[in-house]
Amino acid sequence: MQAVELHGIRKTFGEVEAVKRVDLAFEEGSFTTLLGPSGCGKTTILRMIAGLETPSEGDILIKGNRINDLPIHKRNLGLVFQNYALFPHKTIEQNVAFGLKYRGVSRDETERRVKQALDIVRLPGVEKRLPAQLSGGQQQRIALARAIVIEPDVLLLDEPLSALDANLREEMRVELKNIQRDIGITTVFVTHDQEEALSMSDKVVVMDHGLVEQVGAPDEVYRWPETRFVADFLGHSNILKGQAGGGGEGKAEVRLENDLVVRANANGAELGERVELVVRAHKVAVGLPGLAASNGAAEDPNIFSGQVSDANYLGGTASYFIDVDGVRFQAINAIEEHMFKEGDAVEIRIDPKDCVLLDHDGRRIA
């Protein structure tokens, strides 16, 4: 069952087309993230679902009912924004109960639901405090409690973690996903943070310039980018120009600009076609000369000799740039016994199944 549906949604601001005829569906009980750079249209879509913006074209349905002309207070949606928007002069109890006040809920029922909401966000007993007496992470949970206390059909979250420091943000990612899973509420989350999108979502919608570039599960979108934009925006990728050659059924060989030949598992590449080879940096294994071939069990892997031109320590991992006959590969590998340094002779190993080919229009070749 689809909780939210967007049919041909378009939004213009004067001459600017912010959202370009988007079709999307959000499944009941799912956690879906709209991901993309600033100005891509993700927040505009959220605001149209919420009723804060009116679509220029198209229809929005919630549980099968068209809501285009329904005012925000009649849409039964929970909203959490980046700044939390708590009332500083009201107690936590009054903040959380705010949405119930205008729904005709009795005092006893209000007290019960406020207590239940605070239990869900793991902040029992703070009813009489003021927002200023709570930490940033606690205020974020109160904003969430206020959103869920009305028992909304859909929860809309607009960059709710961006104001938190790095450690607290990571903690709240886990908390927020656990809460969403526990109560089973359909959630639409907006962020420009790739790590948030990949770690929290059931489904990721990658957007750019008002268009949907790709929709899929986090691992699917990361491993198999549909477009050059997705390959470039999400994670760290090697994107190398080349020419497709033969390779047999379901396989292709790509001759790079320095005549280096890389084997890829890909159907549909035409002989001689100009293509781009995409390999995620985490999928480029770096080893000592002679050891790369034994690192894993890939059938007929690509193994190339090169030299480390740059090495960066990242804690548990290291980022390397490897020069292979004038072609520069980035690799991000876990540090085991030691870290390679600039000037070291190494071998890199690339599994053909981890190679994605894009055509001249920047779209994935199946």
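Two residues are taken to be in contact when heavy atoms of each lie within 4.5 Å. In this predicted model, the buried residues of helix α2 pack in this sense against two other helices, α3 (107-120) and α4 (136-148). Helix α2 itself spans residues 92-101, and its buried residues are Ile-92, Asn-95, Val-96, Ala-97, Gly-99 and Leu-100.

The secondary structure of the protein chain as a whole comes to 8 helices and 20 strands. The C-alpha atoms, when taken along the principal axes, fill a box of roughly 75 × 50 × 35 Å. The chain has 366 residues, of which 49% count as buried, and about 17400 Å² of the protein chain is exposed, with carbon and sulfur atoms supplying 47% of that area. Among the contacts with a separation of 6 or more along the chain, 67% are made by residues that stand 24 or more positions apart.

With regard to charge, the protein chain carries 42 positive and 56 negative side chains, and the centres of these two sets lie 7 Å apart. Side chains of opposite charge can pair when their charged atoms come close. In the present structure 28 salt bridges are found, and three of these pairs, which differ in their surroundings, are described here.

In the pair formed by Asp-69 and Arg-66, the closest N and O atoms are 3.1 Å apart. Asp-69 has a relative accessible area of 68% and is therefore classed as exposed, since the cut-off for that class is over 50%. Its partner Arg-66, at 48% relative accessibility, counts as partly exposed.

A second pair is made by Asp-351 and Lys-353, whose side chains meet in a salt bridge with an N to O distance of 3.9 Å. Asp-351 counts as buried because its relative accessibility is 13%, and the limit for a buried residue is under 20%. Lys-353, by contrast, is partly exposed, with a relative accessible area of 36%.

The third pair consists of Glu-195 and Arg-173, and the N to O distance of this salt bridge is 3.0 Å. The pair links distant parts of the chain, given that Glu-195 belongs to helix α6 (residues 194-200) and Arg-173 to helix α5 (residues 166-183), with their positions 22 residues apart in the numbering. Arg-173 counts as buried, at 10% relative accessibility. Both residues also take part in a wider arrangement, for salt bridges that share partners join Arg-169, Arg-173, Asp-193, Glu-195 and Glu-196 into one network.

One member of this network, Glu-196, is likewise placed in helix α6. With a relative accessibility of 2%, Glu-196 counts as buried. When its neighbours within four places in sequence are left aside, Glu-196 is in contact with Leu-161, Arg-169, Arg-173, Phe-189, Thr-191 and Ser-201. Two of these residues, Arg-169 and Arg-173, are also named in the salt-bridge network. The side chain of Glu-196 is further joined to that of Thr-191 by a polar contact of 2.8 Å.

Thr-191, the partner in that polar contact, lies in strand β8 (residues 186-191). At 0% relative accessibility, Thr-191 counts as buried. Apart from residues up to four places away in sequence, Thr-191 touches Thr-33, Leu-34, Leu-35, Gly-36, Lys-42, Glu-159, Glu-196 and Ala-197. The polar contact between Thr-191 and Glu-196 thus runs from a residue of strand β8 to a residue of helix α6.

A contrasting setting is provided by Tyr-313, which is found in strand β16 (residues 302-313). This residue is exposed, with a relative accessible area of 60%. If residues up to four places away in sequence are not counted, Tyr-313 touches Ile-335 and Met-339. In addition, a polar atom of the Tyr-313 side chain lies 3.3 Å from the backbone oxygen of Gly-315. Leu-271, which is 42 residues away along the chain, has a C-alpha atom separated from that of Tyr-313 by 41 Å.

Notes: Residues numbered from 1 in each chain as written. Predicted model: local features only at pLDDT ≥ 70, side-chain atom pairs only at ≥ 80, totals over all residues. Heavy atoms only, no water. Buried < 20%, exposed > 50% of the residue type's maximum accessible area, 1.4 Å probe, protein only. Helix = DSSP H or I, 4+ residues; strand = E, 2+ residues; numbered from the N terminus. Salt bridge = Lys/Arg side-chain N within 4 Å of Asp/Glu carboxyl O. Areas by Shrake-Rupley, 256 points an atom, 1.4 Å probe, with all protein chains shown as cover. Lys, Arg positive; Asp, Glu negative; His and termini not counted. Charge placed at Lys NZ, Arg CZ, Asp CG, Glu CD. Polar contact = N/O pair within 3.5 Å; in protein donor to acceptor, adjacent residues only side chain to side chain.
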